[in-house]
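Biologist: Could you show me how to read a fold, starting from its outer surface and moving inward to one strand?

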Amino acid sequence: MVRWGLIGASTIAREWMAPAIAAQPDCVVAAVASSNAARARAFAAEMSIPRHYGAVDELLAESEIEAVYISTTNEWHEQQVIAAARAGKHVLCEKPLALTLDGARRMVQACADARVVMATNHHLRNAATHRAMRKLIAEGAIGQPLAARGFHAVYLPEHLQGWRINRPESGGGVILDITVHGADTLRFVLDNEVREVTAMTASQGMGQAGLEDSVMGVMRFQNGVLAQFHDAFTARHAFTGFEVHGTTGSLYARDVMTQQPIGTVTLRRDGRDEDVPITHENMYERSVARFVGAIRGEGPPSATGEDGARSLAIALAVRESAQTGRVISVPAL
Ligand code: NDP
């Protein structure tokens, strides 16, 4: 049994990750820590978690806990990941890993030094749709990829309209919230790295305190692919999608930038459309299963700490481009 500690009495832990851990045959959620003891107690009672703490250090002192899932707001991830690594815990951390690339580098280094597994919860890599697209592209089903388009413009649900839209110091704004996911999904599906980006942002009614709620831009990959992206908190009626266009075919995915295991993929070539068979799977359960496999030495987690650092580097470059009006090179790790 892998005993887990939850760091963060958060919505994502409640809605998806505590259930995803509990769904594993070989995992148990043993404890939860919050910065607020009453919130920890209430969360533990609601989720039937045996122990609760009002401080992270108390949870990290539990020797039986082997793995932690960190889902506090973004400004806390760095210090909590480093503390967990130093306590010898394997770490699955939420995106964006940190507020700065140096912060993400320190997290990755601390986990390497402590010889613990570090993973980033980029759930979209676990989608059967995106995995099918990656496989088809690698097999040459669309020839040489030339261009990609990602649409992750949604309406931020009311219960999430807190720090994301009004707290820059917590890493609010659509770029750190959604563009990191799009960047990771593009890297994963295309199996290539982003070289440079250009972007424009807007605040169209939701973003406050200078935070953007919409962004559009272009990423240039090392292999020459141009990828266009549109991420937003304000699009009430848009569908999400992901497309890759190659020399001999195109892949069209619909309703795939989501937490739900849904969506379709169509392969278009030689003037014909073909539905790609998809067996949907809960993405968060797969993320946990792969993480536990990594603890057992059975291969890497779905998204490593380095993957989280790379998606953050791309998102920060997108933000800098929007602020300066310049094309920004994505730094190496
Ligand atoms: P929440 O706002 O629900 O929770 C974040 C933190 O806010 C909690 O850890 C908690 O701190 C504090 N908090 C919770 N409820 C209250 C309250 N009533 N009053 C004051 N503070 C409160 O955030 P999300 O769950 O939406 O996001 C958490 C992290 O997960 C972020 O990093 C986000 O980017 C990421 N995320 C990832 C997703 C994915 O699919 N990979 C999806 C959604 C979010 P404390 O623990 O100290 O009590």
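Modeller: This is a predicted model, and its surface is a good place to begin: the accessible area of the protein comes to about 14,100 Å², with 48% of that area belonging to carbon and sulfur atoms.

Biologist: What radius of gyration does the protein have, and what would a compact globule have?

Modeller: For 333 residues a compact globule would have a radius of gyration near 20 Å, and because the protein has 19 Å, the two agree. Along the principal axes, the C-alpha atoms fill a box of roughly 60 × 45 × 40 Å, and within the protein 55% of the 333 residues are buried.

Biologist: Are the residues of strand β11 buried or exposed?

Modeller: Six of the six residues of β11, residues 241-246, are buried, so the strand is largely enclosed by the rest of the structure.

Biologist: Which residues lie on each side of β11?

Modeller: The general idea is that side chains in a regular strand alternate between the two faces of the sheet. In β11, Gly241, Glu243 and His245 lie on one side, while Phe242, Val244 and Gly246 lie on the other, and both faces are covered.

Biologist: Which strands pair with β11, and in what sense?

Modeller: Strand β7, residues 145-153, pairs with β11 in the antiparallel sense over six bridges, and strand β12, residues 250-254, also pairs with β11 in the antiparallel sense, over five bridges. Gly241 shows both pairings, since Phe151 stands opposite Gly241 and Arg254 in β12 is a bridge partner of Gly241. The connection from β11 to β12 is a hairpin through three residues.

Key. Residues numbered from 1 in each chain as written. Predicted model: local features only at pLDDT ≥ 70, side-chain atom pairs only at ≥ 80, totals over all residues. Heavy atoms only, no water. Rg over C-alpha atoms; globule rule 2.2 N^0.38 Å. Buried < 20%, exposed > 50% of the residue type's maximum accessible area, 1.4 Å probe, protein only. Areas by Shrake-Rupley, 256 points an atom, 1.4 Å probe, with all protein chains shown as cover. Helix = DSSP H or I, 4+ residues; strand = E, 2+ residues; numbered from the N terminus. Pairing = 2+ DSSP bridges.
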